[in-house]
Amino acid sequence: MDGWLKRGVALSLALTLAVPLGAPAIVVPALAQTADAPSSPDAPDTSADPRQRMEQLDTDIKGSAAEQERLATEIAAIKGDRAKLNSALIDTALKVRDVEGKLDASEQRLIQLGREADDIRESLDARRDTLADVLGGLSRLGQRPPPALLVRPDDALQSVRSAILLGAVLPELKAETELLASELAAQERVRQETARERDALAELKVSLAEERRRTAALVDERQASLEAGEAALRSEQQRAAALAAEAGNVRELVDRVEKEIAAARKAADAAKAAPTETNQGPAARLAALQNPARLSPGIPFDTAKGLLPLPAGGAILKAFGTEDGYGGQEKGISFGTRVEAQVSAPADGWVVYAGPFRSYGQLLIINAGGGYHILLAGMDKITVGLGQFVLSGEPVAVMGQGPQLVSSVGLGTAQPILYVEFRKDGNSIDPTPWWATSESEKARG
């Protein structure tokens, strides 16, 4: 009993030193609200000027001159080598996806820690009066212990009464003290974990910014290498936009651009000429998708089931075939993504349309051969052009700050939404069988 009483008194004195004597009722709430302030050697030091820390983080996110020089050197080394450029693009895309996933996990962890801290704070606040009484009692017991029984005879009765009272009070004090110590220890643990998680989140944001800069530089180089017929391409893009304004639906849009736009027609012809049958086994098919220099699909789209990577990270908000809210069924899949998330091509194919279209917002259509088309919509920026051949996993677009699809209004979310639809001979099909079942099986260039 002496051990827990001494610990309780020490805890009481440590707590009461934090506030003026005579104000015991505010000791616990005052401490409870310091959950975000680090105080241990292991916790990151946030005592420095916050403005200075923010400036340093901003500098890291924007990138240094040394990093820019390194990027320029890297681009120069692969300039003109399509295979190396494609390989670098896809490798960077994988890194971006990985960092985006870690950011999601870190942000969810911070939300969980915040809820845990709120629960502890509410518990302490609800018992503040009781805890103040307990701490005051422990402090008094420490400063004025009960008199010994074997003293002057006239003290005997007082000693017996004190012992009886102490025997009744001590179990309650012990239980309350142990509960208080447990909650304060939990509060300190949550505070330290929160501080560590915030630092990890800041580092991930810097890493993501660096990988995005690398992606942008590689995309710029890729597009620059395709600009030989830039004037003609601009004219065709304007013609495609005019056709989009006239087309009543996606099927009509695809039919018209693949017939009337030279770049799209050439891409469609190449898609028709692509192999449509193969006797390759799973390992051979996966190996065929790992050649970054390929100029046509590594394998027919039909045989790519179970091998294709998702175009972006994020949770599925609406699955294929579910109610669309308008009396019909969803013809594709809607993903909730991160702000400015990277979007990659799910499969090899040729770009036959890239631009705005009706309620789709920015729409990208890829002809994957064999009568298959892949639709990607809801992006903020498309980074590939008409007629361009893209590889599975290659960056093709960037999401914006929020939803841009008209159909996303009923989803009740402010995050960007990517819509993905697979079509066979103009009809929507379920894309689920094509997605890779594990990270190690994903197709990459």
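A residue counts as buried when its relative accessible area is under 20%. The legends below describe close-up views of a predicted model.

**View 1. Strand S5 and its two antiparallel partners, S4 and S6.** By the cut-off just given, 7 of the 8 residues of strand S5 (residues 362–369) are buried, and the strand is mostly covered. Strand S4 (residues 349–356) pairs with S5 in the antiparallel sense, over 6 bridges. Within this pairing, Val 351 stands opposite Ile 366 of S5. Strand S6 (residues 372–379) also runs antiparallel to S5, and 7 bridges join the two. Here Gln 362 has Met 379 in S6 as its bridge partner.

**View 2. The turns of the two hairpins that involve S5.** The hairpin of S4 and S5 has 5 residues between its strands. In this hairpin, Arg 358 takes a positive phi near 45 degrees. The hairpin of S5 and S6 has 2 residues between its strands. In its turn, Gly 370 has a positive phi of about 65 degrees.

**View 3. The buried side of helix H9.** Helix H9 spans residues 250–260, and its buried residues are Val 250, Leu 253, Val 254, Val 257 and Glu 258. These residues lie on the same side of H9, because they cover an arc of only 115 degrees around the axis. A general property of the α-helix helps in reading this view: with 3.6 residues a turn, residues three or four places apart point the same way. At the start of H9, a side-chain oxygen of Asn 249 reaches to within 3.2 Å of the backbone nitrogen of Arg 251.

**View 4. The crossing of helices H9 and H10.** The axes of H9 and helix H10 (residues 262–273) come within 5 Å and cross at roughly 100 degrees. The two helices are therefore roughly perpendicular, since angles of 65 to 115 degrees fall in that class. On the H9 side, the contact is made by Val 257, Glu 258, Lys 259 and Glu 260. On the H10 side, Ala 262, Ala 264, Arg 265 and Ala 268 take part. Val 257 and Glu 258 also belong to the buried residues of H9.

**View 5. An open sheet of 3 strands, with helix H5 across two of them.** The strands follow the order S3-S9-S7, and their pairing is antiparallel. Strand S3 (342–344) and strand S7 (381–382) are the edge strands, each pairing on one side only. S3 and S9 are joined by 3 bridges, and Gln 342 stands opposite Val 398 in S9. Helix H5 (residues 82–126) lies across S3 and S9 and runs at about 130 degrees to S3.

**View 6. Ser 392 in the loop between strands S8 and S9.** This loop connects strand S8 (389–390) with strand S9 (395–398). Is Ser 392 buried or exposed? Its relative accessible area is 1%, so Ser 392 is buried. The side chain of Ser 392 reaches the backbone oxygen of Pro 346 at 2.9 Å.

**View 7. Gly 306 and Ala 436, 130 residues apart in sequence.** Gly 306 is found in the loop between helix H11 (282–288) and strand S1 (315–318). Gly 306 counts as buried because its relative accessibility is 15%. In space, Gly 306 and Ala 436 are 4.4 Å apart, C-alpha to C-alpha.

Terms used: Residues numbered from 1 in each chain as written. Predicted model: local features only at pLDDT ≥ 70, side-chain atom pairs only at ≥ 80, totals over all residues. Heavy atoms only, no water. Helix = DSSP H or I, 4+ residues; strand = E, 2+ residues; numbered from the N terminus. Buried < 20%, exposed > 50% of the residue type's maximum accessible area, 1.4 Å probe, protein only. Polar contact = N/O pair within 3.5 Å; in protein donor to acceptor, adjacent residues only side chain to side chain. Pairing = 2+ DSSP bridges. Arc of directions from axis to C-beta. Axes fitted to C-alpha atoms, helices over the stretch in contact; angles between N-to-C directions. Parallel < 35°, antiparallel > 145°, perpendicular 65-115°, else oblique. Contact = heavy atoms within 4.5 Å.
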